[in-house]
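I opened the notebook to record two look-ups, one on a pair of packed elements and one on a nucleic acid surface. The entries follow the order in which I made them.

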Amino acid sequence: MKLYKRKNNTMQYDFNDIEAKWQKYWAENQTFKASNNSDKPKYYVLDMFPYPSGAGLHVGHPLGYIASDIYARYKRHKGFNVLHPQGYDSFGLPAEQYAIQTGQHPAITTETNIKTYRRQLDQIGFSFDWSREVRTSNPEYYKWTQWIFIQLFESYYCNNDNKAKDIKELTSIFSSEGNANVNVACDDDIEAFSAEAWNSFSTEKQQEILLKYRLTYLAETEVNWCPVLGTVLANDEIVNGVSERGGHPVVRKKMTQWSMRISAYAERLLQGLEDVDWTDSLKETQRNWIGKSVGATVSFNVKDHDEKIEVFTTRPDTIFGVSFMTLAPEHELVSKLTTADQKEAVEAYIEKTAKRSERDRMADVKTISGVFTGAYAEHPFTKELVQIWIGDYVLASYGTGAVMAVPCGDQRDYDFAKHFNIEIPNIFEGVDISEEAFTGKDNVKIANSDFLNGMNYKKASKRAIYDLEQLGQGEGKTNYRLRDAVFSRQRYWGEPFPVYYVNGMPQMIDAQHLPIQLPEVEKYLPTEEGEPPLGRADVWAWDTKNNKVVSNDAIDNETVFSLELNTMPGWAGSSWYFFRYMEEAANRGGVFASEDALNYWENVDLYIGGAEHATGHLLYSRFWVKLLKDRGFVNVEEPFKKLINQGMILGTSAFVKRIGFRVADLNLEILKGSKEDKDNYKSLQERLSLIKEIYISDDLIKYLKKGYNSDNESYGDKEREHNEKRKEILDNFYPVIEYEINKLNLKGKVSVDTSLLNFYKTHVKVQYVNASDELDIESLKNDAEFGAEYRDAEFVLEDGVYKVGRDVEKMSKSKYNVVSPDQICIDYGADSLRLYEMFLGPLEQYKPWNTAGITGVHNFLKKLWKLYVDDNGLKVNDAEPTKDNLKTLHKTIKKVQEDIENFSFNTSVSTFMIAVNELGAQKCTSKEILEPLLVLVSPYAPHIAEELFSKLGNSASISTADFPEFEASHLVESSKNYPISFNGKMRFTLELPMDLSKDEIEKAVMAHEKTIAQLEGRTPKKVIVVPGKIVNIVG
RNA sequence: GCUGAAGUGGUGGAAUUGGUAGACACGUUGGACUUAAAAUCCAAUGUCCAUUAGGACGUACGGGUUCAAGUCCCGUCUUCAGUACCA
């Protein structure tokens, strides 16, 4: 029976009620709806939109959203028209995998998941303009993704003007002058044709040629095929040779696929990085990914063959150092050049390397291998013959798949030459190459190189290229590592291509007939013939007469044709969504965003999201924006002006440690026995170690891991204590083991050797562990999912509690360390969650989630509340603020403003705490102070700020209030508490008026009794006085 | 290997241009209030020595510059992230 029931006092800080009230108010009043017409300056704050997964939000997700929300709210207070939208990247693999397992349509699971996300986002109080929500899986949205795809198809890239243009311009050039003089981005295998030839080609032939020029094209390419996922993956979707999602193996496979000619934009993507305000590390990652290298192509004639070997080199200055050539084993000339003598060896080598996966090749860089082909190439200048080798250190996928080996200047060539005893000519003046290659290019002169002798790198390179050009055997060239991006996915849950096929040639469906909607299929798996899931659709053909999707039965290849079976990758919809938000939902029908909207919002001013998108989303978006700009649809060159990567919040996993014991006596005998005996022993041991679960509290484990020998010299009190504790613990569970052994009737045959204890770690759900790492054993045993495993277990406690082991890992369902924001919002409120996530530390940093400190920020909010309200109601009045009140307020204004502008949100929270502590101590009740304080707090803790703001008599939302103006005059001090140092060590402080001159300060300090005591009669050599800062006495 | 970031109490972290290292908070300890608990409030809390006064040490490690270094310079170590035979 409760003796005392707390009075339901409206003067309490009842955060649940307050937060629900204001969330409702914001929604009903559309408080955060952005306008496309405003006199205010615009500001666009964007979060990377989430993929709505089935697991819902965990506390790591909102970190970036809270930061961007604080910034958006701050900008509103500062008089900006703020666009702060949110939406869902709702196409993707997990929903489809779930569909495969359950048969549930991905659209349904996605819808359910979005509902959960929305509820969770709403309860945190974000100031999103939900009226502009987008979902990439919505046909009204992907209509425009398809439309952009068509624009890419209808474009080529002109290298002269450095921009994409309408493909029609190219065809008109072809029909008037052929392709001899065009300087455009295209495939490598282009054949020259004249205008007459072009005009005489069949339509199919023309289309086939044009595919080699279009910015999205269909081509047979070597792709990364993931058999488990049943789809191809882009380079950025592969991490360490396995798929990013799921970690499945990936193999190389030739397939006809849509590709994006992003390589055409390599230089502009690189240059554009100069104009954006991103972190250096992110820019560096993109630069590496683009991988620009400047050099030359050189073509080597082959002895007794018409073939030439093309190589790319960044060091044309070292051309006289070439002593052999190496081709990738996959190089197309290998089979043609190999002599009969070497045929067997070469084929064996190719077979061997083909077996090695890409991953093995990457992992094993040390082993040098290769085979001589028997063929010779001719040096372009000396005409000397050099051997042609093949070796797997040369990659088929980079450059031309062949290198001119300069062993004196390249370590790999050097190692190869040493290994196979190939000559290593030295072409560097005064450099010793007996131990290793000289890979630098600065401060060295070229020698033994005919006309290049005595030149430095820069000069020699230029000259070598010039002479190669004279010979017609080379030219200057810039190479990029950036590959064209594969755009087809063999999946169901993605955007369908607006493409049908006539005589094997892809045709675009006219934009007016979009969207081409995803068809229904009975299963979400590939077909038996290995076609993508869309191959299962019955209604998936294009009727060119009626311009609609019709049944496959109608395909006659006259007017009805088959549609593309692949779908677009996850990054298609996310590459342009930031433009869609610019347009109000009501006006989105006829355009992806109207010209007015695009011109008004321009680009994203602040973008916050995870660093894992550095080479995927952030590169592809930039590419599409440049294309849209070139084709005149948008006016910006870069989508994201400023970008911040928030760090990840990691989970603190909890482990219980189980003891396993080995059977010692049996061990020795059995190990001498037959294989069968050994197997029996093994299974017996496994059984034994499982007969009884014994879990040891974490701090006790150290006693079990080691015992001390009392005969040892170093044996002392510490060791004795350790051993006693050890015995105590062992005694605790030893009888249990004995009992189990008895039960198995093994007594006498086995004994348990405690020196052979093993410990097994098992994750337990973090919700059963409190802040002091103590496990709630009862709840664990009653867990619906895993309780049974622990029901009969023994728990060895210390001081009455079981302590778990802890480890910081990525938050994930499989590690049972996921913490949902829901419970925190219920227990402490959204404002506490928001403040706490910011209080954890700098935004960019990775940090483990630990709720231990949340009471700190929650107490702060309660203190804040009490500053305005006590048991008798509102206590704020019109009292004249004191000097101290004003000082506290204005130093807070200054600091908070600086912090927000520097994205240093953690320090603002401390600043608020200090302000509230000070104002509390000052017993401040002045509205003149307390009202502006609420505006400062409101971006961080908007609900409590709204509630108190309305209590102060305001009828409008606090989000419409102006940010308080900082006035420096309130911070002017009349005196300073000077730290007085002796030889740099602070000994005492001394309060002195601010307006004293240097000399007066020195005089005052030297006269002070503590100074005299410190000096003990010595005369100082020097006295440093920095007015307003410090005094240092030397000597 | 290369590139980038970081290393500060028991913990998260603060320290703006070199100028009182450890703000703010958590935790811990002690106290007040209470029959009791919760809540709240107050005090102490880098380490070591000292009864006190006070002193020594202290920002990964070793040097250096300076009146003064967590901050600048040189070298080393460790951790994390990215990248990897890129010719």
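Entry one. I listed the contact between helix 29 and helix 30 in this predicted model, and found that Asn885, Thr888, Lys891, Thr892, Lys895, Val896, Asp899 and Ile900 of helix 29 meet Phe905, Thr907, Ser908, Thr911, Phe912, Ala915, Glu918 and Leu919 of helix 30. Sorting the residues of this contact by character, I noted 6 nonpolar, 6 polar and 4 charged.

Entry two. I then looked up the geometry of the pair, since two packed helices are described by the angle between their axes and the distance between the axes. For helix 29 (residues 883-901) and helix 30 (residues 905-921), the axes come within 9 Å and cross at roughly 170°. Angles over 145 degrees count as roughly antiparallel, and I therefore entered helix 29 and helix 30 as roughly antiparallel to each other.

Entry three. I turned to RNA strand B, which has 52 residues around it, and wrote down Thr313, Thr314, Tyr398, Arg412 and Leu840 as those that come nearest. By character, the residues of the surface near RNA strand B divide into 20 nonpolar, 19 polar and 13 charged.

Entry four. Which part of the strand faces the protein, sugar or phosphate, or bases? Of the atoms of RNA strand B within 4 Å of the protein, I recorded 63% as belonging to sugar or phosphate, with the rest in bases.

Entry five. I looked up side-chain N or O atoms beside phosphate oxygens of RNA strand B, and noted Gln845 at 2.9 Å and Arg481 at 3.4 Å. For Arg987, I noted a polar side-chain atom 3.2 Å from a phosphate oxygen of RNA strand B.

Key. Residues numbered from 1 in each chain as written. Chains lettered and ligands numbered in written order. Predicted model: local features only at pLDDT ≥ 70, side-chain atom pairs only at ≥ 80, totals over all residues. Heavy atoms only, no water. Near = heavy atom within 4 Å. Polar contact = N/O pair within 3.5 Å; in protein donor to acceptor, adjacent residues only side chain to side chain. Nonpolar A, V, L, I, M, F, W, Y, C, P; charged D, E, K, R; others polar. Axes fitted to C-alpha atoms, helices over the stretch in contact; angles between N-to-C directions. Helix = DSSP H or I, 4+ residues; strand = E, 2+ residues; numbered from the N terminus. Parallel < 35°, antiparallel > 145°, perpendicular 65-115°, else oblique. Contact = heavy atoms within 4.5 Å.
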